[in-house]
Amino acid sequence: MKKERDWSGLHFGVDYYPEHWPRERWETDVALMQEMGIQVVRMGEFSWHKMEPREGEYDFAWLDEAVSLLGRYGISVILGTPTAAPPAWLVNKYPEILPMDRQGRRRGFGGRHHDCQSNPVYRRYVEALVTAMASHFAENPNVAGWQTDNELGNSHGDLCMCPSCRRSFQGWLEKKYGTVEALNQAWGTAFWSQEYNSFEEVFTPLVTVTGENPSAMLDWKCFCSDLVVEFQQVQIDIIRRICPHHFITHNCMGFADKVNYFDLTRPLDFASHDQYPGGYYGKMPFEDNVRMAANLDMTRSFKGQSFWIMEQQSGMTGWQIMGRSPVPGQLAAWAAQSVAHGADCVVFFRWRSCCIGTEQYWHGILPHSGRPGRRYQELKDMIGKLSPHMDALWGSIPRAQAGIVFSYRQEYAIQIQPQHPDLNYVTQLLKYYGELHKRSIPVDFVEDTGELSRYPLVIAPLQYLMTNALAEKYFSYVREGGTLVLTMRTGVKDEHNICMSDRELPGVLGDLCGIEIPDYDCLRDVNVKVSFVGEKEDGVFFAEKWSDIITLLGAEALASYEEEFYAGAPCITRNTYGKGVVYYIGTEPSQKLLEAVMNRVLADAGVSGIGSADEGVELNIRQKGQKKWIFAINHTNQEARYQISDGAGCKLVSGEKEGLLQPFEIHLYQKE
Ligand code: GLA
Ligand code: ZN
């Protein structure tokens with residue numbers, strides 16, 4: 001009897017495209033995979049035409065052959081549904097499945113994701129293919145699970161504005177608002193004569209002559225996210241029904257914004273992520289390491305559980321132009337970083353650099369020649385080192401000390417009106433994240449509907465859209481003893497993206513923060529000097545991008561402006577409320593200012609890191625029951641040192657010398 005949805009023994013894999021290579025080569029590849037410790041292969045996610053060369057004619061024989069060859073070498077398979085690449089026969093027959101961009105142009109065939117995800121005809125073909133594929137592989141003992149489509153939302157930046165999406169959008173709005181009067185009210189359509197007499201009059205947001213309605217845009221972005229979630233659900237329903245023994249996952253892309261990943265991953269067995277630390281064209285400074293760490297923590301946060309990497313960088317990146325080459329040791333350190341943040345399995349993209357198509361320069365473990373070289377050896381060594389511990393690590397995650405609130409709605413609203421031209425939601429969150437990361441404090445990203453009380457510290461930047469329910473959540477979190485950080489642009493708008501007018505900023509949260517903000521300044525091309533009130537702090541501090549000109553109503557001022565017409569006004573405040581403390585940071589603090597404020601925040605919250613380390617060294621923890629594993633990873637090409645705070649009982653199980661890392665070295669400790 002097959003065990004249901006068991007993937008616990010799979011830890012390292014590769015993405016493989018047998019259809020790109022002669023049949024005679026396959027076995028050489030598979031033997032090399034086995035030799036390097038590969039246990040799982042993902043395949044199929046772009047090969048619709050190979051599986052259905054003509055309408056209704058399914059051919060899985062080639063894939064059967066690849067699956068059984070891998071099986072003979074003890075390697076399991078994840079099948080990707082190939083719906084990211086509809087074939088030419090389908091597009092020619094139904095050109096209306098091609099997506100329409102904001103200019104109203106249909107995009108052409110020849111890339112990928114040239115599909116409209118609401119189109120009913122397209123959905124029928126997707127359903128038929130997924131049904132055939134799932135039925136064919138349901139009982140194949142070598143198939144472990146499925147990946148739906150590929151990077152849903154990718155390449156869909158401003159798609160799709162077609163008539164089918166218009167009808168879907170109208171239906172979505174009708175379900176949300178019930179009456180067109182309610183829609184007009186919520187969108188503030190009295191402005192510029194935008195009233196609608198019926199839902200059928202509403203457009204998709206094609207490019208306008210000038211300006212757009214922020215409320216309509218917010219609903220549009222949320223609709224697009226829901227559409228992608230629904231598109232995936234169609235496939236999930238089929239696979240669940242036909243293949244109850246298999247797991248289902250999807251490869252997300254960290255902070256990509258097209259689809260709400262909390263929603264997208266909810267019906268999945270686990271979340272997966274595609275991790276390319278070299279960036280798309282190879283920028284690799286330390287700050288990117290912070291973003292990479294954050295990507296991984298974000299992925300873990302989608303479902304609050306360990307996850308997979310479905311594509312881990314395995315060489316230089318590039319399509320038309322290329323990035324720098326990862327230096328010896330770096331690929332292994334990046335892969336270990338994924339494990340350290342909670343990956344149970346790391347699948348490398350790709351097995352071999354491709355000789356055909358768009359991605360000829362997106363390098364694989366093997367070079368074009370197919371001869372194993374330094375990347376093969378390096379990753380093989382890393383797999384050999386971590387493999388003995390992966391079964392035990394399975395399912396463990398850090399117990400995060402801090403939660404950073406992440407909301408796609410807030411992000412969308414800030415994208416629609418950034419206010420300051422350089423204000424970016426994710427970048428803003430990552431500033432705070434970076435402060436925790438460099439102090440080795442484990443962090444979760446938490447939805448604003450999620451449970452806050454499990455974190456001693458919650459940081460909620462840019463709480464721009466506010467509802468009574470969300471405000472109450474922050475009140476009760478602090479009342480019960482939490483330490484909360486709120487920032488500039490909080491409580492500005494209601495849930496429909498309309499400015500609130502009943503109180504001064506930050507609205508009802510003013511009572512929690514003990515402040516009021518009757519005036520503000522947008523800092524265009526200027527920073528404003530700030531100083532700490534009372535206690536002396538070393539350094540020169542600046543407010544960047546924004547100044548909230550704060551009036552104290554019970555809070556204490558921590559820092560105040562030194563320049564401009566508001567010199568002397570508070571810029572950062574601290575208030576006690578109930579059993580807790582709330583900070584309000586009325587600006588984007590310069591690096592030094594943020595560092596100084598965070599020192600105080602962390603002291604209030606009683607939060608400290610798992611250790612200290614030289615710059616470029618990352619410390620991470622994974623926990624399961626009473627067991628703990630601590631990782632130290634050197635992301636630099638220099639020797640580096642670190643120290644674990646509560647090292648008592650820790651034993652080094654992988655690595656040579658405690659506290660001292662060679663370039664790109666990885667240490668792993670275990671504690672019962
Ligand atoms: C993405 C995709 C892959 C491949 C790589 C490299 O992450 O999922 O199919 O395109 O990027 O470009
Ligand atoms: Zn469409």
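This report covers the domains, a zinc site, two helix pairs and some backbone features of a predicted model.

## Ground rules

In this predicted model, local features need pLDDT of at least 70 and side-chain atom pairs pLDDT 80 or more, while totals for chains, interfaces and linings use all residues. Residues count from 1 along each chain as its sequence is written, chains are lettered from A and ligands numbered from 1 in the order written, and side-chain values use heavy atoms, without hydrogens or water.

## Domains

The protein chain is divided into domain 1 (12-157 + 225-393), domain 2 (443-605) and domain 3 (611-671). These bounds come from an automatic or database domain assignment. The centres of domain 2 and domain 3, taken over C-alpha atoms, are 34 Å apart.

## The zinc site

Four cysteine sulfurs hold positions around the zinc ion (ligand 2): Cys116 (SG), Cys160 (SG), Cys162 (SG) and Cys165 (SG), at 2.2 to 2.3 Å. Donors are N, O and S atoms within 2.8 Å of the metal (3.2 Å for Na, K and Ca); water is not among the atoms, so sites may look incomplete. Along the chain, the spacing is C-x43-C-x1-C-x2-C.

Why is the arrangement tetrahedral? The 4 donor atoms subtend angles of 100 to 120 degrees. Four donors count as tetrahedral if all angles lie between 85 and 135 degrees.

## Two helix pairs

Helices (H or I, at least four residues) and strands (E, at least two) are DSSP runs, numbered from the N terminus. Axes are lines fitted to C-alpha atoms, for helices over the stretch in contact; angles run from 0 to 180 degrees between N-to-C directions. Contact means heavy atoms within 4.5 Å.

H1 (residues 23-36) packs on H3 (residues 61-72) at about 30 degrees, with axes 10 Å apart. Contact residues include Trp26 and Val30 of H1 and Leu69 and Leu70 of H3. H14 (residues 425-438) and H17 (residues 591-605) pack at about 60 degrees, their axes 10 Å apart. Among the residues in contact are Tyr432 and Leu436 of H14, and Leu594 and Met598 of H17.

## Backbone features

Most residues other than glycine have a negative phi, and most peptide bonds are trans. The bond from leucine 159 to cysteine 160 is cis, with omega near 0 degrees. Cysteine 160 lies in the loop between strand E4 (143-147) and helix H6 (163-177). Cysteine 160 is also one of the zinc donors.

Leucine 505 and proline 506 are joined by a cis peptide bond too. Glutamate 564 is not a glycine, yet its phi is positive, about 70 degrees. Glutamate 564 sits in the loop between strand E18 (556-561) and strand E19 (570-577).

Technical notes
Tetrahedral: all angles 85-135°; square planar, octahedral: opposite > 155°, others 65-115°.
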